[in-house]
Amino acid sequence: MRTLFHFPLSPASRTVRLVLGEKRLPFEAIVERAWEKRPEFLALNPAGDVPVLVEDNGLIVPDVYVICEYLEEAYADIPLLGRTLAERVEVRRVVAWFETLFATEVSGRFIDERVMKRLSGRGNPDGGALREAYASMRPLMKYVNDLAENRNWLGGQFLSLADFTAAAHLSCLDFIGDIDWAKVPAVRDWYAKMKSRPCFRPLLSDRVSGITPPEYYTNLDF
């Protein structure tokens, strides 16, 4: 069977899990603690990070960008990038915004400080880093709220990879309780739609040792 090496609170991993689910592609999910640097995993992906997809025929596809582009080309029946060049440019722009700016300034910082440091034995969260992340989060979440207010979906008028990428990042932050949904009501309404999709259900059952998500994390009507 198709296999995905992932980590539950990796936004990149969650993006791929959502895309596979939306495209109705069955897969076996294997949790990989990438910081342990297993030789067997490094043989699959010398970069040493998740996600890594291994197809039935043995094809190894690493990295969230590469995997999503591959899935779009190989399984085009349910397109997630758009039909026209302009649509595809805009979807890719929003995806890149989340995977670069938002990941660097917000989601990556929170996840590293609150989750990865403890799991990998690198000590306690850095209060200064968390304050910087909160400061960066306010204007960036306002931008996401503006997108949600003015579009049917974040990438335009149709459900796309932009929505699944955004949902992956925000669901990780939601898991660790770092989003004040009252301040971004349009994002909250959009996220409720995303949580209601069948492909999202496995994410709602994720659990990580030592971390208890808020009670509303699994509530579809929050």
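These are my notebook entries on two annotated regions, two helix contacts and three single residues in a predicted model.

**Entry 1, the annotated regions**

I began with the record, where an unreviewed UniProt entry places the feature "domain: GST N-terminal" at residues 1-79. Over that span I found 37% helix and 18% strand, with the end C-alpha atoms lying 23 Å apart. The feature "domain: GST C-terminal", also from an unreviewed entry in UniProt, is listed for residues 84-220. In residues 84-220 the chain is 66% helix and 0% strand, and the C-alpha atoms at the ends are 33 Å apart.

**Entry 2, helix α4 against helix α6**

I then looked at how helix α4 (residues 85-120) lies against helix α6 (residues 161-175), and noted that their axes come within 9 Å and cross at roughly 10°. Because angles under 35 degrees count as roughly parallel, α4 and α6 are roughly parallel to each other. On the α4 side I listed the residues in the contact as V91, V94, V95, F98, E99, F102, A103, V106, S107, F110 and I111, and these meet L161, A162, T165, A166, H169, L170, C172 and L173 in α6. Sorted by character, the residues of this contact between α4 and α6 comprise 15 nonpolar, three polar and one charged.

**Entry 3, F98 within that contact**

I picked out F98, which has its place in helix α4, and asked whether F98 is buried or exposed. With a relative accessibility of 0%, F98 counts as buried. Once neighbours within four places in sequence are set aside, the contacts of F98 are A103, V144, L154, T165, A166 and H169. Of these, T165, A166 and H169 also appear on the α6 side of the contact with α4. For a distance along the chain I took F98 and D112, which are 14 residues apart in sequence and 16 Å apart in space, C-alpha to C-alpha.

**Entry 4, helix α6 against helix α7**

Next I turned to α6 and helix α7 (residues 185-195), whose axes come within 11 Å and cross at roughly 100°. That angle makes α6 roughly perpendicular to α7. I recorded D163, F164, A166, A167, L170, S171 and D174 from α6 as meeting V187, W190, Y191, M194 and K195 from α7. The residues of this contact of α6 with α7 are eight nonpolar, one polar and three charged. I noted that A166 and L170, listed here for α6, are likewise among the α6 residues that meet α4.

**Entry 5, N45 in a loop**

I went back to the N-terminal region to examine N45, which lies in the loop between α2 (39-44) and β3 (52-54). Which polar atom does the side chain of N45 have beside it? I found the backbone oxygen of D49 at 2.9 Å from a polar atom of the N45 side chain. N45 is in contact with V52 and P62 when neighbours within four places in sequence are left aside. Its relative accessibility is 6%, so N45 counts as buried.

**Entry 6, L220**

Last I checked L220, which lies in the segment after α8 (201-204) and closes the residue range that UniProt lists for "domain: GST C-terminal". At 40% relative accessibility, L220 counts as partly exposed. Not counting residues up to four places away in sequence, L220 touches A192, K195, S196 and L204. L220 and S196 are 24 residues apart in sequence, yet their C-alpha atoms are 6.1 Å apart in space. I also noted that K195, touched by L220, is one of the α7 residues that meet α6.

Key:
Residues are numbered from 1 along each chain as its sequence is written. This is a predicted model: local features need pLDDT of at least 70, side-chain atom pairs count only at pLDDT 80 or more; totals for chains, interfaces and linings use all residues. Side-chain values use heavy atoms; hydrogens and water are left out. Axes are lines fitted to C-alpha atoms, for helices over the stretch in contact, and angles run from 0 to 180 degrees between N-to-C directions. Angles under 35 degrees count as roughly parallel, over 145 as roughly antiparallel, 65 to 115 as roughly perpendicular and the rest as oblique. Contact means heavy atoms within 4.5 Å. Ala, Val, Leu, Ile, Met, Phe, Trp, Tyr, Cys and Pro count as nonpolar, Asp, Glu, Lys and Arg as charged, and the others, Gly among them, as polar. Buried means under 20% relative accessible area, exposed over 50%, partly exposed in between (1.4 Å probe, protein chains only). A polar contact is a pair of N or O atoms within 3.5 Å; within protein, one must be able to donate a hydrogen and the other to accept it, and residues adjacent in sequence count only if both atoms are side-chain atoms. UniProt positions are given in the numbering used here, feature names are shortened, and annotations may be inferred rather than shown by experiment.
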